[in-house]
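Biologist: Please take one part of this model and go through it closely, starting with how its helices pack and then the residues that catch your eye. I'd like the cut-offs as you go.

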Amino acid sequence: MKRMLSGIKPTGRVTLGNYIGAIKPFVSYQNEYEMIIFIANLHSMTIYQKPKDLRQNTKDLIALYLAAGLDPEKVTLFLQSDVLEHAQLGWYLGCMVNMGELSRMTQYKMQVEKAAARKDASIGAGIFNYPSLMNADILMYDPDYVPVGEDQKQHVELARNIAERFNSRYSDTFKLPEPLTPKVGGRIMSLQDPTSKMSKSDPTGKGCIYILDPINVSKKKIMSAVTDSDSTIKYDKENKPGISNLLEIYSILGKKSIPEIEAMYEGKGYGEFKKDLAEIVGEELQKIQDRYQEIVSGNYIDEILEKGAENARRMARKKLAKVERKMGITIKKR
Ligand code: ATP
Ligand code: MG
């Protein structure tokens, strides 16, 4: 069985973008692949998190994975902070990456631009360094694939480069992972500004649908999503980004191809299309929210995380020991 790995940060309330781009695809992969999924709480620290919110977001994220249908018997699900080896391998790999490579990462460049706009030069060092930790997260488990939204592809490329560098400097140690981006739904956009990504850390929350929001709020957000002035329902990302984004959401949650949907709404207006989409989104969210309530009222999250961490630690210890032997860190004979 091929192996897949992915992480998600507990940085805010989970959005429809996270659900479509990450959570839902994992659930569909769990029968075909060996899946390793972690809550990237070390990464969430690059930006200040209120402890109370961090705790709540972490719990919600786990419960939502389970509510979306992830089976902890099949999948290794754990908290990144429970497996100390991530931080240690992150340090070693951080010593192999160049400042130039880190400066070219989109997330960092965005922070530099934002800081310049605020006329405030301070940027946390974590924002600059975190790709090293992410390289460790990925390479630790030798995954074949890393399913990611478009925004994360660059990280998998960097992990491949660092794996190659390590393998050629020492000897073959890390597998080169492949990014896996869905053809549709890899980048769900904000409903209010369809040129920017829907992100859970967006402080305004405008244009985000949150999975745990009341259903009528989410429906309203669909009804008031920004669209363009002509009223044909046609997929054209460049000229009609708003309607194209809604078509992607419809396609995934309504289980129909985009041309099929276009044909269904030929000669019909945006209002009718949005009303149907609001129903589809509402139904999907209702199902997840019902399961979520059952899960949080039960008491098995701790147990699932402990079992997941144990499993992950076993793999991580073995990998780290190998890395340390190769680098000459370990002096003990085997
Ligand atoms: P943050 O704003 O804190 O970066 P985020 O919403 O971008 O939050 P991440 O934790 O960075 O979420 O990413 C979790 C997973 O969700 C990743 O696999 C990422 O590619 C995917 N993802 C994030 N946003 C979207 C989106 N708008 N559309 C599709 N996939 C997304
Ligand atoms: Mg992100």
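Modeller: First, a bit of vocabulary: a residue is buried under 20% relative accessible area, exposed over 50%, and partly exposed in between, using a 1.4 Å probe and protein chains only. By that yardstick Ile331 is exposed, with a relative accessible area of 83%. Ile331 sits in the segment after α13 (301–327), and its C-alpha atom is separated by 14 Å from that of Leu320, eleven residues away along the chain.

Before the helices, some housekeeping. This is a predicted model, where local features need pLDDT of at least 70 and side-chain atom pairs count only at pLDDT 80 or more, while totals for chains, interfaces and linings use all residues. Residues are numbered from 1 along each chain as its sequence is written, chains are lettered from A and ligands numbered from 1 in the order in which they are written, and side-chain values use heavy atoms, with hydrogens and water left out.

Now for α12. Helices here are DSSP runs (H or I, at least four residues), strands are E runs of at least two, and both are numbered from the N terminus. Two packed helices are described by the angle between their axes and the distance between the axes. Those axes are lines fitted to C-alpha atoms, for helices over the stretch in contact, and the angles run from 0 to 180 degrees between N-to-C directions.

Take α10 (residues 241–254) against α12 (residues 270–297): their axes are 10 Å apart, at an angle of about 45°. That pair is therefore oblique, the label left over once angles under 35 degrees count as roughly parallel, over 145 as roughly antiparallel and 65 to 115 as roughly perpendicular. The crossing of α10 past α12 is left-handed, meaning the near helix is turned anticlockwise from the far one by less than a right angle; clockwise would be right-handed. On the α10 side, the contact residues include Ile243, Leu246, Leu247 and Tyr250, and α12 answers with, among them, Phe273, Leu277, Ile280 and Glu284. Contact, by the way, means heavy atoms within 4.5 Å. The residues of this contact divide into eleven nonpolar, one polar and three charged; Ala, Val, Leu, Ile, Met, Phe, Trp, Tyr, Cys and Pro count as nonpolar, Asp, Glu, Lys and Arg as charged, and the others, Gly among them, as polar.

α12 also meets α3 (residues 51–67), where the axes come within 9 Å and cross at roughly 115°. That crossing is right-handed. Gln56, Asp60, Ala63, Leu64, Leu66 and Ala67 of α3 touch Ile288, Arg291, Tyr292, Ile295 and Val296 of α12. Here the split is eight nonpolar, one polar and two charged.

Back to α10 for a backbone oddity just beyond it. Most residues other than glycine have a negative phi. Lys255, in the loop between α10 and α11 (258–264), has a positive phi near 50°. Lys255 is also exposed, at 66% relative accessible area. Asp142 is another case, with phi near 45°; its place is the loop between α7 and β4 (145–147), and at 23% relative accessibility Asp142 is partly exposed.

That leads to α7 (residues 125–139), home of Asp137. Asp137 is buried, at 1%, and, leaving out residues up to four places away in sequence, touches Leu5, Phe38, His43, Gln80 and His86. An unreviewed UniProt entry annotates Asp137 as "binding site"; UniProt positions follow the numbering used here, feature names are shortened, and annotations may be inferred rather than shown by experiment.
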